[in-house]
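Colleague: I've never gone through a structure like this before. Could you show me how to read a few of its features?

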Amino acid sequence: MSSTSSMLNVDDKSVELAVKEGTIGPSVVDISKLYGQTGMFTYDPGFTSTAACESKITYIDGDKGVLLYRGFPIEQLAEHGDFLETCYLLLYGELPTAAQKADFDYRVTRHTMVHDQMNRFFTGFRRDAHPMAIMVGCVGALSAFYHDSTDISDPHQRMVASMRMIAKMPTLAAMAYKYHVGQPFVYPQNELDYTSNFLRMCFAVPAEEYKVNPVLARALDRIFILHADHEQNASTSTVRLAGSSGANPFACIAAGIACLWGPAHGGANEAALKMLEEIGTPDRIPEYIAKAKDKNDPFRLMGFGHRVYKNYDPRARIMQKTTHEVLNELGIKDDPLLDVAVELEQIALKDEYFVEKKLYPNIDFYSGITLKAMGFPTSMFTVLFALARTVGWIAQWSEMIEDPSQRIGRPRQLYVGSPRRDYVTVAQRG
Ligand code: SDX
């Protein structure tokens, strides 16, 4: 990696700062010594211009709408691969050979069951508990069961913890859904592939045979690929920061799930579908476009806009195609929500407000329509996002742990509070 330097003039000081170039994408100005040289911090709330780390995992070009996992375009991985192949790629950096894939699939498959005492966790929740609340609790609790894979200094234990999380997330997610709908838990079936196993654990009932629909399984597997990783987004940054203190991997992933839940992030898929349901019919779209543009109205078009993509989110295009595939397979000819979504997108993309602010549909805009058609309640949408993103969180966490320059993350601040002042007794406070 090549580097040059840049000069920064601060007050009467002139400071030389190294500029580091990556393989592709923006270079960075290394400010790690700035405070020591100038006594000043940089200021970047929301981290719009801040690179928090070096990474080899995912590259995004927001202006061109490009997304690469370990250099491979998301379009090609979604078209030709499966989710566990993408997991292997994100974790190890290369596409697996046939033997490596078979071994990886075998190892993941043999970790799909959870400790049977986990079942008792669920009975502590109300039936109407949000499945994301259950996931935050249960994934964090995995560290109470798997003490033999919490020592982050041991590469073997890190690998076991990683396998356990990738393998157990579908089981826990399906248990959260079953508990929510009051149906008995369904155990994994190891002869099924990863996503078919998940569909069966969600939708099979003891009263009858369940047959996995291969078109839906393929569509959901592709949706998992689209959600697997996305550079230093909020929940990944949360996992990295939690992991920088040496917290165990299960606790770090639970922190990532908590962050993903927010409607500005992974919770947007649930919020987007609720928005489409609230709009209801295409004739009400102008009213909502006006609300989204009204500075005094907090309403935003959920599933639109992105911190990095200032062009169409490449995942949204694939998502839209998958939506049509699933609706066709299910014989849903005219889905009113899809009619509203397509019309809303066409109006928004021509509206000068959205054009000027470069607001395009993101991955969350169409995913809800697809997942609802598959039979998932809206409260499960972000759980599915978390299920898929677990491998990205783990790959990024592992990269951080294995980085020899890794230190605890500890940002500073611009203090704007009260200067020093002395204590006043309550009698003197008037
Ligand atoms: C995900 O980071 C990732 O990579 C995330 C993710 C991943 O895979 O991990 O891609 C997944 O989280 C996708 C995003 C899902 N969120 C939503 O769909 C929620 C709706 N979108 C917005 O809240 C917003 O666009 C964000 C949160 C996604 C991005 O926020 P930014 O980058 O902080 O942008 P901003 O809020 O400063 O908005 C810039 C301007 C503002 O107007 P001005 O104050 O400049 O006049 O655009 C406006 C905003 O008001 N704007 C919107 C809008 N999004 C931004 N106006 C109406 N509707 C919207 N959706």
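Modeller: Sure, and let's start with a bent helix. Keep in mind that this is a predicted model. Helix 7 bends by about 35° at lysine 168, and proline 170 follows within four residues of that point.

Colleague: Where along the chain is helix 7, and how many residues does it have?

Modeller: Helix 7 runs over residues 155-181, so to speak a stretch of 27 residues. To read a helix's span, you compare its end-to-end distance with what you'd expect at 1.5 Å a residue. Here the distance from the first C-alpha to the last is 39 Å, close to the expected 39 Å.

Colleague: Is helix 7 mostly covered or mostly open?

Modeller: Mostly covered: 22 of the 27 residues in helix 7 are buried.

Colleague: What should I look at where helix 7 starts?

Modeller: Look for a side chain reaching to the backbone. A side-chain oxygen of aspartate 154 comes to within 2.8 Å of the backbone nitrogen of histidine 156. At the other end, helix 7 is followed by glycine 182, which has a positive phi, near 75°.

Colleague: Now the loops. Why does isoleucine 152 count as buried?

Modeller: You check its relative accessible area against a cut-off: under 20% means buried. Isoleucine 152 has 17%, so it counts as buried. This residue sits in the loop between helix 6 (131-145) and helix 7.

Colleague: And which loop holds valine 212?

Modeller: Valine 212 is in the loop between helix 8 (194-203) and helix 9 (214-227). It is buried too, with a relative accessible area of 17%. You can also set sequence separation beside distance in space. Valine 212 and proline 314 are 102 residues apart along the chain, and their C-alpha atoms are separated by 28 Å.

Colleague: What about the ligand? How many residues surround it?

Modeller: There are 24 around the ligand, and the closest are His230, Lys295, His306, Arg307 and Arg315. Sorting that shell by class gives ten nonpolar, seven polar and seven charged residues.

Colleague: Which polar atoms of the protein should I look for beside the ligand?

Modeller: Try both backbone and side chains. A backbone N or O atom of alanine 264 lies 2.9 Å from a ligand nitrogen. In the side chain of arginine 315, an N or O atom is 2.7 Å from an oxygen of the ligand. For asparagine 362, a side-chain N or O atom is 2.9 Å from a ligand oxygen. As for cover, the ligand taken alone exposes 1100 Å², and the protein buries 77% of that.

Note on methods:
Residues are numbered from 1 along each chain as its sequence is written. This is a predicted model: local features need pLDDT of at least 70, side-chain atom pairs count only at pLDDT 80 or more; totals for chains, interfaces and linings use all residues. Side-chain values use heavy atoms; hydrogens and water are left out. Helices (H or I, at least four residues) and strands (E, at least two) are DSSP runs, numbered from the N terminus. The expected span of a helix is 1.5 Å times one less than its number of residues. The bend at a residue is the angle between axes fitted to the seven residues ending there and the seven starting there. Buried means under 20% relative accessible area, exposed over 50%, partly exposed in between (1.4 Å probe, protein chains only). A polar contact is a pair of N or O atoms within 3.5 Å; within protein, one must be able to donate a hydrogen and the other to accept it, and residues adjacent in sequence count only if both atoms are side-chain atoms. A residue is near a molecule or strand if one of its heavy atoms lies within 4 Å of it. Accessible areas come from the Shrake-Rupley method with a 1.4 Å probe; for residues, only the protein chains shown count as cover. Ala, Val, Leu, Ile, Met, Phe, Trp, Tyr, Cys and Pro count as nonpolar, Asp, Glu, Lys and Arg as charged, and the others, Gly among them, as polar.
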